[in-house]
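Open your viewer and get your selection tool ready. We will take a short walk from one stop to the next, with something to look at each time.

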Amino acid sequence: MPPAHKPLPAHRQYYPSILADRDPLAAALQPPADESPQQREQRLKAEEDARKRSENIDRMLRHDDKRNRRRKQVKVLLLGQSESGKSTTLKQFQLLHTPAAFHKERIAWRFVIYLNLVRSIRRVLEAIAPEDNALPEEEEFGDSTETASIIISGGDRPSSSLAGSQPNYESYRRRLAPLMDLEQRLIVVLSDPEEEGEREATHLPDGYGSFAAAAALTSLPASGSAPHGHTPGRPPPITIPSSSAPGASSSSSSSSQPWTGPTSPRSPTSPAVSVVSSTHELAVRTGSNWKKHFALGKIQSPKSAHSGELEGWWEDPTDPVHVLNRCAPVMNELWRDPKVHQRLAERHIRLEESSGFYLDEIDRITAKMYFPTDDDVLKARLKTTGVVEHRFTLAKNSEFRGVEWVIFDVGGARNQRQAWAPYFDDVNAIIFLAPISAFDQQLAEDPRVNRLEDSFQLWKSVIESRLLAHVNIVLFLNKCDLLKKKLESGVRLAHHMPSYNRPNDYETVSQYFRNRFGAMHQSLTPNKSRDLFIHLTSVTDTRKTHMIISNVRDIILTANLKSSSLM
Ligand SMILES: Nc1nc2c(ncn2[C@@H]2O[C@H](COP(=O)(O)OP(=O)(O)OP(=O)(O)O)[C@@H](O)[C@H]2O)c(=O)[nH]1
Ligand SMILES: [Mg+2]
């Protein structure tokens with residue numbers, strides 16, 4: 001009979017009897033029945049050490065596993081100034097890799113497209129408004145947004161010379177007034193009622209409703225506030241940072257602010273700066289579920305059994321399509337009026353280059369059963385604020401099957417750029433977009449700065465960065481379609497870039513830009529072995545863009561995955 005105080009056999013403390021009975025390994029590992037207290041203590045210590053070693057190994061395995069998973073993920077950052085085409089490039093990636101999701105979302109863009117159209121109409125009205133007809137702010141149609149889309153390449157507004165050939169502004173204004181109410185309604189519709197703090201997914205903050213802002217756009221700041229050499233009334237000249245002198249600063253101090261830090265506050269006393277602000281543009285907030293909300297919540301019409309998409313909105317008498325549809329004849333009349341075009345030409349305003357340009361397709365867009373096409377969605381303009389993330393996994397038939405591709409689309413406006421830096425740490429590649437058609441345009445955030453100049457400065461910051469020295473870089477010289485049209489219409493690059501003394505045709509100019517951006521990289525990068533991939537792009541052109549992004553994607557994946565021998 002065993003003594004009453006005999007402790008439970010040690011192995012019972014570690015192996016459930018059922019396991020010890022059935023599992024030969026467990027049975028073999030049982031301590032001897034006659035184990036002494038000293039032996040037991042040693043054994044327990046050995047077991048404790050083994051447990052710690054095992055936990056360490058587990059931790060290392062988990063870490064390796066994480067690292068492996070990380071390696072199979074490629075992160076790409078889209079960078080570039082506002083309106084350079086980043087979100088459009090992201091949409092092209094979505095269209096190429098997740099077409100079903102892209103198509104499902106098309107309907108959600110309908111209101112954005114309507115809003116883009118209404119704003120284009122408003123810009124035409126603003127452009128044809130006689131100077132002495134300018135109304136007080138509250139009676140007007142709002143500020144002129146998307147300033148960067150309006151090209152003002154010289155001079156003041158024409159005045160008496162147009163007498164007799166003026167378009168009938170008052171008549172157009174009166175007949176198109178319902179559109180201006182609609183604009184407000186669309187903004188409300190696109191706002192997100194679920195997010196109380198910031199109610200608007202799209203917004204026209206300070207200055208909205210100010211026609212004076214539009215007037216201010218055509219009158220640049222007084223010479224005292226302009227960079228040297230800048231003639232008021234004309235976009236500032238472009239200065240390319242010298243590729244032979246790394247670190248040389250630009251002649252335009254206003255565009256050389258650091259890109260990794262917060263935007264320097266601008267002087268509140270500068271009227272041109274405070275009035276002409278990027279915040280006047282239609283924007284979408286990161287994380288806003290406006291698409292979902294719009295698609296599911298705003299339309300009460302029945303779902304089409306056939307397509308599964310929402311249809312039948314035209315049966316709702318409050319749907320914006322009705323106002324648009326009724327105003328379509330007047331919109332067409334306005335856009336086809338030769339006097340209007342004369343006026344736009346005299347003011348050097350090329351609306352056809354504007355973001356979200358739909359004026360040539362008024363009938364189609366305002367049709368009651370209008371359903372946005374892929375191209376419509378690609379053209380739709382919604383400014384990005386914050387950072388938008390999109391993921392897709394490469395298909396089974398791809399050489400890189402299973403690899404997750406993560407793209408970050410950032411806001412490119414100056415007050416958005418401080419959000420870029422946190423993404424530099426573990427990004428594998430950057431696609432940098434520089435809209436080279438913008439050589440005669442001003443930055444919306446600061447009309448003293450030429451847009452191409454701003455792109456050069458941003459580009460310089462990216463390629464010089466030591467933090468990004470080992471990141472693959474792809475450069476899209478974008479908006480080539482617009483560059484071609486602009487040069488063909490007689491706009492001269494030399495007029496805006498005095499150092500340019502070559503022919504003004506598209507081939508020569510685009511090649512020149514390619515060389516300049518390339519030379520800057522070659523001389524300024526801290527990583528001389530880095531290959532730079534440059535593409536002349538028009539990212540709204542789906543066929544060509546898909547070819548380019550497939551190619552770019554494979555280059556980036558090869559560089560990042562094959563080298564890590566995980567594929
Ligand atoms: N014609 C033409 N339009 C373009 C091209 N690329 C972009 N766009 C248009 O330009 C506008 C601005 O493009 P976005 O992609 O929204 O610009 P972004 O860089 O995302 O701008 P932010 O969000 O403000 O940083 C959109 O209406 C696009 O459809 C192009 O190559 N050609
Ligand atoms: Mg964007």
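Start by selecting helix 4 and showing its side chains: Lys86, Ser87, Thr88, Thr89, Leu90, Lys91, Gln92, Phe93 and His97 are buried there. Keep in mind as you look that this is a predicted model. Nine of the 12 residues of this helix are buried, so helix 4 is largely enclosed by the rest of the structure. If you like a quick ruler check, put a distance label between its end C-alpha atoms. They are 17 Å apart, which agrees with the 16 Å that the 12 residues should span at 1.5 Å a residue.

**Next stop: ligand 1**

Now show ligand 1 together with its surroundings. Which residues come nearest to ligand 1? Of the 25 residues around it, they are Ser82, Gly85, Ser87, Thr384 and Gly412. Ser87, which you have just seen among the buried residues of helix 4, is one of them.

Colour the shell by residue class and you should find four nonpolar, 14 polar and seven charged residues. To see where the shell comes from, select helix 4 (86–97), helix 15 (374–379), strand 3 (383–385) and helix 17 (480–488), each of which supplies at least two of its residues. Helix 4 gives the most, with three residues.

**Along helix 15 to Leu378**

Stay with helix 15 and pick Leu378, which lies in it. Is Leu378 buried or exposed? Leu378 is buried, because 22 other C-beta atoms lie within 10 Å, and the cut-off for buried is 20 or more. Leaving out residues up to four places away in sequence, Leu378 touches Thr88, Lys91, Thr540 and Thr542. Thr88 and Lys91 take you back to the buried part of helix 4. Thr542 is 164 residues from Leu378 along the chain, yet their C-alpha atoms are separated by 8.8 Å.

**Over to the sheet**

Switch to cartoon view and look for an open sheet of six strands in the order 4-5-1-6-7-8, with mixed pairing. Its edges are strand 4 (387–393) and strand 8 (532–536), each pairing on one side only. Neighbouring strands are turned by 20° against each other on average, direction ignored.

Now bring up helix 16 (residues 451–464), which packs on the sheet and touches strand 1 (73–80), strand 6 (429–435) and strand 7. The direction of helix 16 makes about 165° with that of strand 6.

Select strand 1 next. Seven of its eight residues are buried, so strand 1 is largely enclosed by the rest of the structure. On one side, strand 1 pairs in the parallel sense with strand 5 (residues 404–410) over six bridges; click Leu77 to find its bridge partner Phe408. Strand 1 also pairs in the parallel sense with strand 6, over five bridges, and here Leu79 stands opposite Phe432.

**Finish at the edges**

Move to strand 7 (residues 472–478), which five bridges join to strand 8, the two running parallel. Zoom in on Ile473, whose bridge partner in strand 8 is Leu532.

For the last stop, go to the other edge and select Val387 in strand 4. Val387 counts as partly exposed, because it has 18 C-beta neighbours inside 10 Å. Draw a line from Val387 to Gly80: the two are 307 residues apart in sequence and 13 Å apart in space, C-alpha to C-alpha.

Key
Residues numbered from 1 in each chain as written. Chains lettered and ligands numbered in written order. Predicted model: local features only at pLDDT ≥ 70, side-chain atom pairs only at ≥ 80, totals over all residues. Near = placed C-beta within 6 Å. Helix = DSSP H or I, 4+ residues; strand = E, 2+ residues; numbered from the N terminus. Nonpolar A, V, L, I, M, F, W, Y, C, P; charged D, E, K, R; others polar. Expected span 1.5 Å × (residues − 1). Pairing = 2+ DSSP bridges. Axes fitted to C-alpha atoms, helices over the stretch in contact; angles between N-to-C directions. Contact = placed C-beta atoms within 7 Å.
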